[in-house]
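Reader: I'm new to this one and would like a close look at a single part: the sheet that the two chains build, and the place where they meet. Could you take me through it slowly?

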There are 2 protein chains.
Amino acid sequence: MIKAISYAGYDAKSPLSSYEFNRRNVGDNDVHLEVQYCGVCHSDIHTVRNEWGGAQYPLVPGHEIVGIVKNIGANVKRHKIGDIVGVGCMVGSCGHCECCHIHLEQFCENGCTLTYNGIDEDGSVTKGGYSDNIVVNEKFVLKVPTNLQLPNVAPLLCAGITTYSPLKHWKVGKGHKVGVIGLGGLGHMAVKLANSFGANVVVFTTSTHKKEDALKMGAHEVVLSRNADEMEDHANSFDFIIDTVSAPHDVAAYMALLKHDATLCMVGASPTPHQIASSSLIFGRKSLSGSLIGGIAETQEMLDFCGKHNITCDVEVIPIQKINEAYERILKSDVKYRFVIDMNSLK
Amino acid sequence: MIKAISYAGYDAKSPLSSYEFNRRNVGDNDVHLEVQYCGVCHSDIHTVRNEWGGAQYPLVPGHEIVGIVKNIGANVKRHKIGDIVGVGCMVGSCGHCECCHIHLEQFCENGCTLTYNGIDEDGSVTKGGYSDNIVVNEKFVLKVPTNLQLPNVAPLLCAGITTYSPLKHWKVGKGHKVGVIGLGGLGHMAVKLANSFGANVVVFTTSTHKKEDALKMGAHEVVLSRNADEMEDHANSFDFIIDTVSAPHDVAAYMALLKHDATLCMVGASPTPHQIASSSLIFGRKSLSGSLIGGIAETQEMLDFCGKHNITCDVEVIPIQKINEAYERILKSDVKYRFVIDMNSLK
C-alpha cells in the first residue's frame, strides 16, 4: 500500500482537516502520480457537505488534478516517469457499454467511477486530489502540454472540459453569436474557449464589476441580465447559449434570446427545477439541453487545444491550510476565477 | 368582393353560429377555393374562446382545409381550376427574412399570417376554413394527392405536418425507438408516420382503452404512463420522444426514458410551465425541444409522402351544425381521432 496525506471532510458540517490513508499499490495498468496542484470545484463543497447525498467519510475531494508521474505499472504505455499529467472527474468506467465505446465515459451505462466518493476497482471509496499522491488507471490519466503554467492547468480538467465539450458538440465556430451565462469558474473558461473558436461572445452577468474582466478574457459584449431592455435587445439572436449558473435563475428569459433551431445548454446544476413553458421551445424549434464534463479522448483534445492556443484558467493559488476559507469565499462568488491548491503545502 | 358563408364565434363564450362576410377578390397571385372539408383542431377552441388572447370577433376558425380550385389569378402557375388543394395554418409570410428563405415560414421573423385571426395582406382579419370558400396566395396552397380520401386528408394540414416535421428534423428512421406521448389527433398521426419511417413505436397513454387502436395504427408497444414499473422498464432507451399532450403533465418522467443525446420534442402547448431539473438534461446530454407545424415546402413533402404511403387521419365527419357539440367532445378527449366538418352542410 502507498501512504497518502490529504485534507478530508470527516462529516457534513466540520471544516476539512488533515487525514492520512493508504492508496492501492500501483497495478500493471496504473500510473502513480505526485499531485502538484488541485483545483477547487463547487462540486467539492456540495459533495463533502453531503448536499447531493451519499457522502462517505472521511471524504477527500478534488478532481482537477495536475501532477508528476512517479511510477508506472508494467503495462503502461501512454505515460512515463517524470511526465506532467492530469486527472479529472473520472478514474474508471466499464469500458464495454455503448457510451464507453463512443468515448462518452462520463455517461457509462454501468456508472463511471468518480475521482472521489466513487467506488474504485478494488471496492474501496475513491479519494481525490486534495492529497499528495494518487494511483489511477492509465486510461484516465491525461497528458498536460508542457508550455502551460501548472496551477492554471488544473481547473481545465473539470471547468475546461465542461465548457469545451458542449461548445464543440454544438459546433460553435466563426461568426456564431454565443452567450455565456455567469462569469465564474466555468463561465470564464467558456468565454476564453468560445472566443478562441471564433465566436462573437456575449456574457450575461448580474455583477457590473465583472464587465472589465469579461472583456479582457475575450467577451465582445457584456449584458446585465437584470436589465430587461438590454436583454430585449438580444431577442432571437443567439446561435448558442451556455448556462454556467448553478444557483436558481430564470432560464426562460434566455430561451427568448435564442434564434430558431438554437440551443441553450446547461452545465451548472441548479438545486431547484427550472420552469419552462412549452411555447418557449415550440416557437423557433428551440432546445434546452445539458452537458456533463466530456469523455477522456475529448478531455485530451481540449488540453492539447489549450496548449496550442495558450488558454488556461485564471486562478488564485492557496495552501491546503486555507481550504475552508476558500470554500466560504466560493459560496460568496468571491474568487477570480478558481482556487487551486498548491499541494506542496501538505509537506 | 366574394360572398362567404361560415360559422363564427361572436365572443369568447357563446356557441359558434352562422355568419356571412366578404372575402377579397381573387388577386393575380391568389387561388380561390371552394372548401370541401375542414378539420377541427384544439387550437380552434383556444382561439375562439380567447384562451390565448387577441381574439378578434366575429372569428371564423379552421386551418385544416381541403377544397377544389374554383378560380385563379392571372399569375398563378402552381394550381389550376378543378385541382384538389389544401390550406394549413398559414396563408402568408414576409418572404424575405432568414426563416422564409430557408423554408421555415412558420417562424417568419416578421410574423407569418395565420389562416384565421391573423392580419391579411389587405389589413383585414383572416377568416378560416369553417366557411364555404377561401382566397389564398398560391404559395400557401398545397397540392393534395388524388388517391386519398378528402375528409381524412384535411387534418394532415395541421396534425399531419405538426408530427411529420419533428420526426424528419430529428431524423427518425429504421431501427430507432420512438415514443409518442398521447394518442389524440396529433398522437395518432405521429404513430402512423413514425411507423412508416421504420421506427419501433411505443405509445404512452393514460387510457387503457386506446391500446388496441394504437397497435392497429402501427404502435409496437403501449405503455400506461401511470404505471411506474412499466415506465422504469424503458429507462434510458428512447432515441426520440414526441410529446403531443397539451394538458399539464410530468415531462421530467419522460426525460428519464431518453438515451444519451436524445431529444424529447413537445408539439402540444401546455397552459402551465413544465418543471425541468437541470440534472435530467445534464446526465446523458439530453434535449428538451419543441416544434411548430412545418414550412410550406415540407407540408407539400408530407402530403406527397402520405399519398405515396396511403397515410391519412382517422376522422369523424360532422356537419357544421354539430360544431359546438364537437368542441365539448374534444375537451373530453372523446373523438377518434379528429373531427372534420363536411362543408357541404353549410349549403
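Author: Here is a walk along that sheet, from the meeting place of the chains outward, with a few side trips at the end.

One thing to keep in mind as you look: this is a predicted model.

Let's start with how the two chains sit relative to each other. Turn chain A by 180°, with a shift of 0.0 Å along the axis, and it can be laid on chain B with an RMSD of 0.0 Å. The two copies are thus related as by a two-fold rotation axis.

Now for the place where they touch. On one side there are 26 residues of chain A, and they are in contact with 27 residues of chain B. Which pieces of chain A supply that side? Strand 14 (258-266), strand 15 (274-276), helix 9 (279-282) and strand 16 (287-290) each bring at least two residues to it. Strand 16 of chain A gives the most, with four residues. If you sort the residues on this side of chain A by character, you get 13 nonpolar, 11 polar and two charged. And 100% of the interface residues of chain A are also interface residues in chain B, so the copies meet through the same surface.

Strand 15 is a good spot to zoom in on. Strand 15 of chain A pairs with strand 15 (residues 274-276) of chain B in the antiparallel sense, over three bridges. Look for Gln275(A) there: its bridge partner is Gln275(B).

Next, the sheet itself. It is an open sheet of 12 strands with mixed pairing, and the order is 12(A)-11(A)-10(A)-13(A)-14(A)-16(A)-16(B)-14(B)-13(B)-10(B)-11(B)-12(B). Read that order from either end and you'll find strand 16 of chain A beside strand 16 of chain B. What happens at the edges? Strand 12 of chain A and strand 12 (221-224) of chain B stand there, each with a single partner strand, so one side of each is left without a neighbour in the sheet. From one strand to the next, the twist averages 20°.

As a bit of background, strands of a sheet pair through backbone hydrogen bonds, either parallel or antiparallel. Strand 14 and strand 16 of chain A run parallel and are joined by four bridges. To find the pair by eye, pick Leu264(A), whose bridge partner in strand 16 of chain A is Leu288(A).

Then travel out to the edge in chain A. Strand 11 (residues 200-205) and strand 12 (residues 221-224) of chain A run parallel too, joined by four bridges. Val203(A) stands opposite Val222(A) in strand 12 of chain A. How does the chain get from one of these strands to the other? It crosses from strand 11 of chain A through helix 6 (residues 211-217) of chain A to strand 12 of chain A, and this β-α-β crossover is right-handed.

There is also a helix lying against the sheet. Helix 5 (residues 185-196) of chain A packs on the sheet and touches strand 10 (177-181), strand 11 and strand 13 (238-243) of chain A. The direction of helix 5 of chain A makes about 170° with that of strand 10 of chain A.

While you're around strand 16, look at the loop leading up to it in chain B. Arg285(B) lies in the loop between helix 9 (279-282) and strand 16 (287-290) of chain B. Arg285(B) is not a glycine, yet it has a positive phi of about 50°.

Before you go, here are a few side trips. In chain B, helix 4 (residues 159-169) and helix 10 (residues 296-309) pack at an angle of about 100°, with their axes 10 Å apart. These two helices of chain B are therefore roughly perpendicular to each other. From helix 4 of chain B come Gly160(B), Ile161(B), Tyr164(B) and Ser165(B), which meet Glu298(B), Thr299(B), Met302(B) and Cys306(B) in helix 10 of chain B. The residues of that contact divide into four nonpolar, three polar and one charged.

Finally, chain A has a cis peptide bond from Tyr57(A) to Pro58(A), with omega near -10°. You'll find Pro58(A) in the loop between helix 1 (42-48) and strand 4 (65-72) of chain A. A cis peptide bond also joins Lys336(A) and Tyr337(A), with omega about -15°. Tyr337(A) is in the loop between helix 11 (323-331) and strand 18 (338-342) of chain A.

Note on methods. Residues are numbered from 1 along each chain as its sequence is written. Chains are lettered from A and ligands numbered from 1 in the order in which they are written. This is a predicted model: local features need pLDDT of at least 70, side-chain atom pairs count only at pLDDT 80 or more; totals for chains, interfaces and linings use all residues. Copies are superposed by least squares on the C-alpha atoms of residues with pLDDT of at least 70 in both. Two residues are in contact if their C-beta atoms, placed from the backbone, lie within 7 Å. Ala, Val, Leu, Ile, Met, Phe, Trp, Tyr, Cys and Pro count as nonpolar, Asp, Glu, Lys and Arg as charged, and the others, Gly among them, as polar. Two strands pair if DSSP finds at least two bridges between them. A crossover is right-handed if, with the strands pointing away from the viewer, the path from the first strand over the helix to the second runs clockwise. Axes are lines fitted to C-alpha atoms, for helices over the stretch in contact, and angles run from 0 to 180 degrees between N-to-C directions. Angles under 35 degrees count as roughly parallel, over 145 as roughly antiparallel, 65 to 115 as roughly perpendicular and the rest as oblique.
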